[in-house]
Amino acid sequence: MLREQTTELKTQIAQLIRYAKDNERVFKLFSECQRELWQCQSFAQLSQLVQTKLSEVPTICGCELLEFELRFTALVANRLNRRGNYLGRLSKDEQSLFFNKGDAQSVALYLLGDLKAPKAILALASNDPDHFAPDNDNLLINEFLRSLEQRLTELA
């Protein structure tokens with residue numbers, strides 16, 4: 001019985017260490033990207049930077065920063081209307097708004113700007129169905145999103 005508990009605790013500790021290392025890597029990537037935002041002089045440069053940097057995360061299979069368009073209105077009303085973000089699964093049609101291949105298992109969508117007057121949407125996709133889930137917190141990305149919104153405002 002004690003051996004089983006010890007083995008289980010060791011497994012849990014190893015998993016927590018993996019999560020901590022993953023979080024550290026993501027934090028460093030967001031920090032680096034955040035510093036580079038200020039060197040972008042156009043939305044296209046900003047979009048390219050974000051797409052390039054965030055695609056370096058091994059669990060991300062797609063990343064798009066898109067200027068807000070009317071075609072996103074229904075999705076915003078259905079998925080992003082309360083908090084300005086959505087983590088979970090999308091239908092193939094919804095995925096096609098952001099990604100060429102509609103095979104993402106989970107996505108994270110972040111509305112940038114005011115809910116009533118959005119500027120852009122950041123869309124991240126993962127092949128892991130559990131990577132982006134509604135109960136995930138946004139602690140590591142929130143500061144990055146604030147900086148991204150501020151840069152978008154300055155470029156407008």
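**Helix H2, the sheet and the cores**

In this predicted model, helix H2 tucks away a good list of residues: Phe 43, Leu 46, Ser 47, Leu 49, Val 50, Lys 53 and Leu 54 are its buried ones. These residues take up an arc of only 165 degrees around the axis, so they sit on the same side of H2. As for what lies over them, the cover includes helix H1 (2–37), strand S1 (62–67), strand S4 (118–126) and helix H5 (139–155). H2 itself lies across S1 and S4, and runs at about 165 degrees to S1. The length of H2 can be checked too. H2 covers residues 43–54, and its 12 residues, at 1.5 Å a residue, should span 16 Å; the end C-alpha atoms turn out to be 16 Å apart, so the two values agree.

Next comes the sheet. Strands of a sheet pair through backbone hydrogen bonds, and the pairing can be parallel or antiparallel. Here four strands make an open sheet in the order S1-S4-S3-S2, with antiparallel pairing. S1 and S2 are the edge strands, each pairing on one side only. From one strand to the next, the twist averages 10 degrees.

Strand S2 (residues 85–88) may sit at an edge, but both of its faces are covered: Asn 85 and Leu 87 are buried on one side, and Tyr 86 and Gly 88 are buried on the other. S2 is joined to S3 (residues 106–113) by four bridges, and the two strands run antiparallel. Going along S2, Leu 87 has Ala 108 of S3 as its bridge partner, while Gly 88 is matched with Val 107 of S3.

The loop between S3 and S4 holds Leu 115. Is Leu 115 buried, exposed or partly exposed? Its relative accessibility is 38%, so Leu 115 counts as partly exposed. Leu 115 is also 31 residues from Gly 84 in sequence, yet their C-alpha atoms are 6.7 Å apart in space.

Finally, the nonpolar cores. The largest one has 28 residues, and the members with the most contacts inside it are Val 50, Leu 54, Leu 65, Leu 122, Leu 124 and Phe 144. At least two residues of this core come from each of H1, H2, S1, S3, S4 and H5. Leaving aside residues up to four places away in sequence, Phe 144 touches Phe 30, Cys 33, Gln 34, Leu 37, Val 50, Leu 54 and Leu 122. Apart from this core lies another, made of 16 residues, with Leu 66, Val 76, Tyr 86 and Ala 125 among them.

Key: Residues numbered from 1 in each chain as written. Predicted model: local features only at pLDDT ≥ 70, side-chain atom pairs only at ≥ 80, totals over all residues. Heavy atoms only, no water. Buried < 20%, exposed > 50% of the residue type's maximum accessible area, 1.4 Å probe, protein only. Pairing = 2+ DSSP bridges. Expected span 1.5 Å × (residues − 1). Arc of directions from axis to C-beta. Contact = heavy atoms within 4.5 Å. Core = buried A, V, L, I, M, F, W, Y, C linked by side-chain atoms within 4.5 Å. Axes fitted to C-alpha atoms, helices over the stretch in contact; angles between N-to-C directions.
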